[in-house]
Structure formats: C-alpha cells, structure tokens
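Please open the model in your viewer, with a cartoon for the backbone and sticks ready for side chains. The tour below moves from one selection to the next and says what is to be found at each stop.

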Amino acid sequence: MAIQVGDEAPDFNFTHKDGGPVSLKALLQKKKAVVLYFYPKDDTPGCTAQACSFRDSYESFTEAGAEVIGVSSDESTSHDAFASKHRLPFTLIPDGDGSLRKRYGVPRSFLGLLPGRVTYVIDSKGVVQHVFNSQLQATRHITEALEVIKRLQS
C-alpha cells in the first residue's frame, strides 16, 4: 500500500558513504523536514536532470530547514560516482533489494518495466505532507517539493 499525504513516513536506516548513519528518525530529531525522492537509475538522462535540479536548489531547501535524500536501486559505488560527477551535495541511499521502495509503496511505471519516480515531502514530525508521482516530469519534483517546504516553513 502506497504512503499517502497524512501518513507517518516509514523510518529508514542506511550507512552513508563516509561511514555515518543516515536515518529519518535522526533527521527528524534535528527538527528537519525531509524531501525523499525515489528515482530509477543513476546517470540516465531524466535522473541526472532531476538530481542536478535538486543540486541547483539545494541551498533553498536547506535554508528552509529541509534535507534532500535520493533513493535508487543502484549500489553505493554507482551512487558515489554519480554524486561526484554531478557534484551532488545530498545523500543518495542504495536500495538494491527494493525494501525501502516497497515500504513507501513506490509503484513501477511503463508497464512495470521501470522503477517509479516519486517524491515525498515529510515534515519535521514525520508526517507526509506531499507526494508527487511522475516518471516524465523529473524536474517538476523539485518545484513541487520546494513549494511545500517553503509553505511548511512559514
């Protein structure tokens, strides 16, 4: 069942490439909102455009008290190369077994051939405030998420 607006966001725990833990619970304890975006694959055209758009707006997100986290099934080494190549300042979480994607209920698209592209905006209390699902409008994920984050800030 897909996570919807008003639902409590499922926690996640992963180890960052620098060895530190990354969890929703820890971010929420810092009173941060979280923009958690699921994308199909590192270094593909749409995913690169999306990641670079998040990068270009990252300062706006952090100034509004939000952290951006990307999730795909790629391995850590792929994420590291992707983040380095495109100077991504946010964390990319490997979800090789699809367990996090499944907990959030992220659907597959294009007749089940591709992992879905869905963005969740989670407030500092852990409640999902916005869900945007679009495989083709990769950069719209950023504008929608930033609008919600700014609204939460005010």
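## First stop: a loop proline

Select P107 together with P115, G116, V118 and N133, since P107 touches these four when residues up to four places away in sequence are left aside. The structure on the screen is a predicted model, so what follows describes that model and its computed geometry. P107 sits in the loop between α4 (99-104) and β6 (108-109), and with a relative accessibility of 36% P107 counts as partly exposed. If you draw a distance from the C-alpha atom of P107 to that of V118, which is 11 residues away along the chain, the viewer should give 8.4 Å.

## The whole chain

Now zoom out and colour the chain by secondary structure, which shows 5 helices and 9 strands. Read from the N terminus, the elements follow the order β-β-α-β-α-β-α-β-α-β-β-β-β-α. The C-alpha trace spans about 35 × 35 × 25 Å along its principal axes, and the radius of gyration of 14 Å agrees with the value near 15 Å that a compact globule of 154 residues would have.

Colouring by accessibility instead, you will find that buried residues make up 50% of the 154 residues. The chain exposes about 7800 Å², of which carbon and sulfur atoms supply 51%. Of the contacts with a separation of 6 or more, 63% are between residues 24 or more positions apart.

## Helix α2

Select residues 45-63, which form helix α2 with its 19 residues; from the first C-alpha to the last the helix reaches 28 Å, close to the 27 Å expected at 1.5 Å a residue. Where along this helix is the kink centred? Centre the view on S57, where α2 bends by about 55 degrees.

Next, show the side chains of the buried residues of α2, among them C47, Q50, C52, F54, R55, Y58 and F61. To see what surrounds the buried residues of α2, add β3 (33-38), β4 (66-72), α3 (76-86), β8 (118-122) and α5 (140-153), the elements against which they pack. Just past the end of α2, pick G65, whose phi is positive at about 85 degrees.

## From T48 across to α3

Stay in α2 and pick T48, which counts as buried because its relative accessibility is 15%, below the 20% cut-off for that class. Leaving aside residues up to four places away in sequence, T48 touches D43, F82 and H86. F82 and H86 lead on to α3, where the buried residues are H79, F82, A83 and H86. These residues are on the same side of α3, because they cover an arc of only 95 degrees around the axis. An α-helix has 3.6 residues a turn, so residues three or four places apart point the same way.

Rotate to the other side of α3 and you will meet T77, S84 and K85, which are exposed. The buried residues of α3, for their part, pack against α2, β4 and β5 (91-94).

## Two positive phi angles in loops

Follow the chain just past α3 to R87, in the loop between α3 and β5. R87 is not a glycine, yet has a positive phi of about 55 degrees, and with a relative accessible area of 61% R87 is exposed.

Then jump to K31, in the loop between α1 (24-29) and β3. K31 is another residue other than glycine with a positive phi, in this case near 60 degrees, and at 65% relative accessibility K31 counts as exposed.

## Last stop: E144 in α5

Finally, select E144, which lies in helix α5. Is E144 buried or exposed? With a relative accessible area of 14%, E144 is buried. Add H130 and F132, which E144 touches when residues up to four places away in sequence are not counted. The C-alpha atom of V131, 13 residues from E144 along the chain, is separated from that of E144 by 9.1 Å.

Technical notes:
Residues are numbered from 1 along each chain as its sequence is written. This is a predicted model: local features need pLDDT of at least 70, side-chain atom pairs count only at pLDDT 80 or more; totals for chains, interfaces and linings use all residues. Side-chain values use heavy atoms; hydrogens and water are left out. Helices (H or I, at least four residues) and strands (E, at least two) are DSSP runs, numbered from the N terminus. The expected span of a helix is 1.5 Å times one less than its number of residues. The bend at a residue is the angle between axes fitted to the seven residues ending there and the seven starting there. Buried means under 20% relative accessible area, exposed over 50%, partly exposed in between (1.4 Å probe, protein chains only). Contact means heavy atoms within 4.5 Å. The arc is that of the directions from the helix axis to the C-beta atoms. The radius of gyration is taken over C-alpha atoms; the globule rule is 2.2 Å times the number of residues to the power 0.38. Accessible areas come from the Shrake-Rupley method with a 1.4 Å probe; for residues, only the protein chains shown count as cover.
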